[in-house]
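Trainee: I am new to this structure and would like a close look at a single part of it. Please start there and work outward.

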Amino acid sequence: MNIKKINNIAVVKSDEIIIKDTQSAMDFIMTIKYETECSKIALNKEAITDDFFILSKGIAGEILQKFINYQIKFAVYGDYSKYTSKPLKDFIYESNNGIDIFFVKDVDEAVKMLSK
């Protein structure tokens with residue numbers, strides 16, 4: 001896991017899956033807060049289990065609720081073109097129009113959204 005700070009935002013890139021479930025999400029949140037003191041985090045999409053993007057499994061809601069509860073603004077960056085689910089596309093659209101959770105194409109856009 002590679003962590004760098006950009007404008008008080010922790011930008012994380014990992015080749016391994018970091019977030020698999022709510023407990024691993026909590027561990028991730030606490031690790032990043034402890035190591036960087038940042039309350040805004042960007043993470044590459046590949047570091048999150050694919051089950052997260054199957055909304056019917058309920059994992060996304062459980063995990064994102066942890067970020068909200070701990071007042072962490074969170075952006076997931078990467079390529080979403082392989083996903084064809086209308087509910088997922090709607091979820092991403094709604095999230096991107098909110099203020100806490102974002103699904104964007106790259107680090108630059110993640111930093112931009114988290115800086116608002």
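Trainee: Leaving aside its neighbours within four places in sequence, which residues is F74 in contact with?

Mentor: The model is a predicted one, which applies to everything that follows. Setting aside neighbours within four places in sequence, F74 is in contact with I19, F28, I41, L43, I48, L64, F67, D100, I101, F102 and L114.

Several of these names return when the nonpolar core is described. The largest nonpolar core has 29 residues, and those that touch the most other members are I19, F28, L43, F67, F74 and F103. Two or more residues of this core come from each of β2 (9-13), α1 (22-36), β3 (40-44), α2 (59-69), β4 (73-77), α3 (86-96) and β5 (101-104). The element that gives the most is α2, with 5 residues. In soluble globular proteins, nonpolar side chains tend to be buried together. There is also a second, separate core of 11 residues, and I9, A42, M113 and L114 are included in it. L114 was named above as a contact of F74.

One of the helices that feed the largest core is α3. Its buried residues are L88, I92 and S95. These lie on the same side of α3, because they cover an arc of only 65 degrees around the axis. An α-helix has 3.6 residues a turn, so residues three or four places apart point the same way. The buried residues of α3 pack against β5. On the face turned away from the buried side, α3 carries the exposed residues K86, P87, Y93 and E94. The N-terminal end of α3 is capped by S85, with a side-chain oxygen 3.2 Å from the backbone nitrogen of L88.

Helix α1 offers a polar detail of its own. T31 lies in this helix, and its side chain reaches the backbone oxygen of D27 at 2.8 Å. With a relative accessible area of 30%, T31 is partly exposed.

Next come the strands at the start of the chain. Strand β1 (residues 2-6) is joined to β2 by 5 bridges, and the two strands run antiparallel. Within this pairing, I3 has V12 in β2 as its bridge partner. β1 and β2 form a hairpin that has 2 residues between the strands, and N7 in the turn has a positive phi of about 50 degrees.

The loop between β2 and α1 holds S14. S14 counts as buried, because its relative accessibility is 5%. A polar atom of the S14 side chain lies 2.9 Å from the backbone oxygen of E16. Not counting residues up to four places away in sequence, S14 touches M1, N44 and A47.

Another buried loop residue is T49, at 13% relative accessibility. T49 is found in the loop between β3 and α2. Beyond its neighbours within four places in sequence, T49 is in contact with I17, I19 and K20. I19 is one of the contacts of F74 as well.

The remaining part of the picture is charge. Side chains of opposite charge can pair when their charged atoms come close. The structure holds 4 salt bridges, and three are described here, beginning with K13 and D15. In that pair the closest N and O atoms are 3.9 Å apart. K13 is partly exposed, with a relative accessible area of 44%, while D15 is exposed at 75%.

The side chains of D50 and K82 meet in another salt bridge, at 4.0 Å from N to O. D50 lies in the loop between β3 and α2 and K82 in the loop between β4 and α3, so this pair ties together parts that are 32 residues apart in sequence. D50 counts as partly exposed at 44% relative accessibility, and K82 counts as exposed at 55%.

A further salt bridge is formed by D51 with K57, where the closest N and O atoms are 3.2 Å apart. D51 is partly exposed, with a relative accessible area of 29%, and K57 is also partly exposed, at 45%.

To return to the starting point, F74 is among the residues that touch the most other members of the largest nonpolar core.

How values were computed. Residues are numbered from 1 along each chain as its sequence is written. This is a predicted model: local features need pLDDT of at least 70, side-chain atom pairs count only at pLDDT 80 or more; totals for chains, interfaces and linings use all residues. Side-chain values use heavy atoms; hydrogens and water are left out. A nonpolar core is a set of buried Ala, Val, Leu, Ile, Met, Phe, Trp, Tyr and Cys residues joined through side-chain atoms within 4.5 Å. Buried means under 20% relative accessible area, exposed over 50%, partly exposed in between (1.4 Å probe, protein chains only). Helices (H or I, at least four residues) and strands (E, at least two) are DSSP runs, numbered from the N terminus. Contact means heavy atoms within 4.5 Å. Two strands pair if DSSP finds at least two bridges between them. The arc is that of the directions from the helix axis to the C-beta atoms. A polar contact is a pair of N or O atoms within 3.5 Å; within protein, one must be able to donate a hydrogen and the other to accept it, and residues adjacent in sequence count only if both atoms are side-chain atoms.
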